[in-house]
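Work through the exercises below with the sequence and model open. Try each task before reading its solution.

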Amino acid sequence: MKAQSGSRFTQVLRWGALLALGLGYSVLAHHTAAAATPDAFSALVAVTPLAVLALVMAWRSPHRPALLALWLAACAALYGVSGWLVTHFQGVFLLEHVGVNSLLCLAFGKSLWAGRTPLVTGFARLVHRTVSPALLSYTRAVTWAWTLYFGGVSLLSLLLFWLAPITVWSTFANLLGLPLLALMFAVEYAVRCFVLPAEDRAGPLEAIRAYRQASSDATAHHP
């Protein structure tokens, strides 16, 4: 019991630290993106998320040495074009925001094609041993909802960047990004509790545990 409580406490601390880090970066990115004068620090803040994500993926890859070498080469290339990055740092922020949301929109949308399993249905199968017809229909609808959400965020981001002051765009992209995502999760969970029977519902923690377990199993069976 103590070990289980300790594990839960560690998970809470880990997720709390990640949330604090995300919120802190959001505020920093907002103030940086809205700055009138470009500088090297602005460019560094803009490229940091992609650099860190690429480093984590390289470190976790079975081809770690080759990908780490590629990562170092990419960092050297970015340093070589640092002057361009400084001049266009706001465009880098836009590219990251629109790029991430567009890729998520594409991932959810492609899973809705004929013959494929909707992405949210796949997540549900990690939690539930069997997927009822009601849950199957619901998860397909939720996959559509996430597709439209990420597509709408991408489109609105582009429109605000082109038509509104940079401060307005940065507020939407950097400050409201996490709250809007949390609101989307909250609304979806409320709808889930309203339209699905109790046996077909799963909370966020159950979904996270199932996903981590599936990831661990996949890693264990990786040749």
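**Exercise 1: a tryptophan and its surroundings**

Task: place Trp169 in its helix, classify its exposure and list its contacts.

Solution. Trp169 sits in helix H8, residues 166–175. Helices here are DSSP runs of H or I, at least four residues, numbered from the N terminus. This is a predicted model: local features need pLDDT of at least 70, side-chain atom pairs count only at pLDDT 80 or more, and totals for chains, interfaces and linings use all residues. Residues are numbered from 1 along each chain as its sequence is written, and side-chain values use heavy atoms, leaving out hydrogens and water.

Next, exposure. Trp169 is buried because its relative accessibility is 0%. Buried means under 20% relative accessible area, exposed over 50%, partly exposed in between (1.4 Å probe, protein chains only).

Now contacts (heavy atoms within 4.5 Å). Leaving aside residues up to four places away in sequence, Trp169 touches Ala33, Phe93, Leu94, His97, Ser157, Leu160, Phe161 and Asn174.

Finally, distance. His30 lies 139 residues from Trp169 in sequence, yet their C-alpha atoms are 9.2 Å apart.

**Exercise 2: helix H5**

Task: check the span of helix H5 and name some of its buried residues.

Solution. H5 covers residues 89–110, 22 residues. The expected span is 1.5 Å times one less than the number of residues. That gives 32 Å; the end C-alpha atoms are 31 Å apart, which agrees. Buried residues in H5 include Phe93, Leu94 and His97.

**Exercise 3: Val187**

Task: is Val187 buried or partly exposed?

Solution. Locate Val187 in helix H9. Its relative accessible area is 44%, so Val187 is partly exposed.

How values were computed:
Helix = DSSP H or I, 4+ residues; strand = E, 2+ residues; numbered from the N terminus.
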